[in-house]
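This report goes through one protein model, from its overall make-up to a few single residues. Look at the sequence and the structure first, then read on.

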Amino acid sequence: MSETFHIVSDVMTRTVVAVGRDALFKELVQTLGQWRVSAMPVLEGEGRVIGVVSEADLLPKEELRDSDPDRFQRLRSLPDLVKAGAVTAEELMSSPAVTVHPDATLAEAARIMAVRGVKRLPVVDHEGKLLGIVSRGDLLKVFLRSDQDIEEEVRRTVVSYLFPGDSGIHVRVDEGVVTLSGRLRDTARIPVAARLARAVEGVVDVECHFRGVGRDEAVRAT
């Protein structure tokens, strides 16, 4: 059976490039370029995350270098003007950092990214110390699960749970799309089966093609 991903610690990158709060502007640019990353955590003390500095935080220094904004423009772009004059990570970083805990589900991490508009999340322990980093690409690793692995989990966690002892339920998975079919006495469980199957990591979509016992018409739920 291939590896199963369920929580952030399963997919996060554990080797993380980070800087201290006193790191200077040029060091930040050099570090981002050297490691080919677009953002990195800013740490203090024994590795506690206090912020994140990104390429977007550094760009105002170049963007506003030759500008002479009027009063309205200065008020509208005050945060960028402040960053244009900043020289250290502490002055440039976005703080407080948007983080996630290692035991968070992948869905929870994805929701945080979507709501907060970030592409990656530092992973921290209960003291706020850096453990790793998780990116959008890391979250997509769940879709690398094999069809066979997904089928086995659907049989174990959905079919066996909802339809114990019913050998007439068929599960097929093709390119991550789960198809459930067969004959059922209790068709009220079909929407529940679809919902549980869709919650299995790596599932792209779910289709249900059931027939109620004693009925000619198909009962469908997607």
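## Buried and exposed

A residue is called buried when its relative accessible area is under 20%, exposed when that area is over 50%, and partly exposed in between. Leu-58 has a relative accessible area of 8%, and it is therefore buried, since buried means under 20%. These terms are used throughout the report.

## The model as a whole

The model is predicted. Its average pLDDT, the predictor's confidence in each residue on a scale from 0 to 100, is 87. A score of at least 70 is reached by 84% of the residues. Among the elements, strand β1 (residues 19-20) has the highest mean pLDDT, 98. The lowest mean, 48, belongs to helix α5 (residues 71-76).

The protein has 222 residues, and 39% of them are buried. Its secondary structure consists of 11 helices and nine strands. About 13,100 Å² of the protein is exposed, and carbon and sulfur atoms supply 51% of that area. Of the contacts between residues at least 6 apart in sequence, 57% join residues at least 24 apart.

## The largest pocket

Rolling a probe the size of a water molecule over the atoms shows where empty space is left. How much space lies in the largest pocket? The figure is about 420 Å³. The pocket is lined by 19 residues, and those closest to its centre are Ala-39, Ser-54, Val-118, Lys-119 and Arg-120. Strand β3 (48-54), helix α3 (55-58) and strand β4 (120-124) are the elements that each give two or more residues to the lining. Helix α3 gives the most, with three residues. By type, the lining residues are nine nonpolar, six charged and four polar.

Ser-54, one of the residues closest to the pocket centre, lies in strand β3. Its relative accessibility is 16%, so Ser-54 counts as buried. Apart from neighbours within four places in sequence, Ser-54 is in contact with Leu-32, Ser-38 and Ala-39. Ala-39 is also among the residues closest to the centre of the pocket.

## Two buried residues

Leu-58, the example used at the start, is found in helix α3. Which residues does Leu-58 touch, not counting those up to four places away in sequence? They are Phe-25, Leu-28, Val-29, Leu-32, Val-53 and Leu-92. Leu-32 is also in contact with Ser-54. Leu-58 and Ala-86 are 28 residues apart in sequence, and their C-alpha atoms are 8.8 Å apart in space.

Val-98 lies in the loop between α7 and α8. Is Val-98 buried or exposed? Its relative accessible area is 17%, so Val-98 is buried. Leaving aside neighbours within four places in sequence, Val-98 is in contact with Ile-112, Arg-116, Leu-121 and Pro-122. Between Val-98 and Ile-50 the distance is 9.5 Å, C-alpha to C-alpha, and the two are 48 residues apart in sequence.

## Backbone details

The loop between α7 (89-92) and α8 (106-116) also holds Pro-96. A cis peptide bond, with omega at about 0 degrees, joins Ser-95 and Pro-96.

Arg-36 has a phi near 55 degrees, a positive value in a residue other than glycine. Its place is in the loop between α2 (25-35) and β2 (39-44). With 80% relative accessibility, Arg-36 counts as exposed. Glu-175, too, is a residue other than glycine with a positive phi, near 55 degrees. Glu-175 lies in the loop between β6 (169-174) and β7 (177-184), and its relative accessible area of 65% makes it exposed.

## Asp-147 and its contacts

Asp-147 lies in helix α10 (residues 147-162). Its relative accessible area is 24%, so Asp-147 is partly exposed. Not counting residues up to four places away in sequence, Asp-147 touches Val-173, Asp-174, Glu-175 and Gly-176. One of these contacts, Glu-175, is the loop residue with the positive phi described above. Asp-147 and Arg-172 are 25 residues apart along the chain, and 8.5 Å separates their C-alpha atoms.

Terms used
Residues are numbered from 1 along each chain as its sequence is written. This is a predicted model: local features need pLDDT of at least 70, side-chain atom pairs count only at pLDDT 80 or more; totals for chains, interfaces and linings use all residues. Side-chain values use heavy atoms; hydrogens and water are left out. On a 1 Å grid over the protein atoms alone, a cavity is a set of points where a 1.4 Å probe fits but cannot get out, and a pocket is an open set with protein on both sides within 12 Å along at least five of seven lines; lining residues have an atom within 4 Å of a point. Grid points are joined across faces, edges and corners, and a volume is the space filled by probe spheres set on the points. Helices (H or I, at least four residues) and strands (E, at least two) are DSSP runs, numbered from the N terminus. Ala, Val, Leu, Ile, Met, Phe, Trp, Tyr, Cys and Pro count as nonpolar, Asp, Glu, Lys and Arg as charged, and the others, Gly among them, as polar. Buried means under 20% relative accessible area, exposed over 50%, partly exposed in between (1.4 Å probe, protein chains only). Contact means heavy atoms within 4.5 Å. Accessible areas come from the Shrake-Rupley method with a 1.4 Å probe; for residues, only the protein chains shown count as cover.
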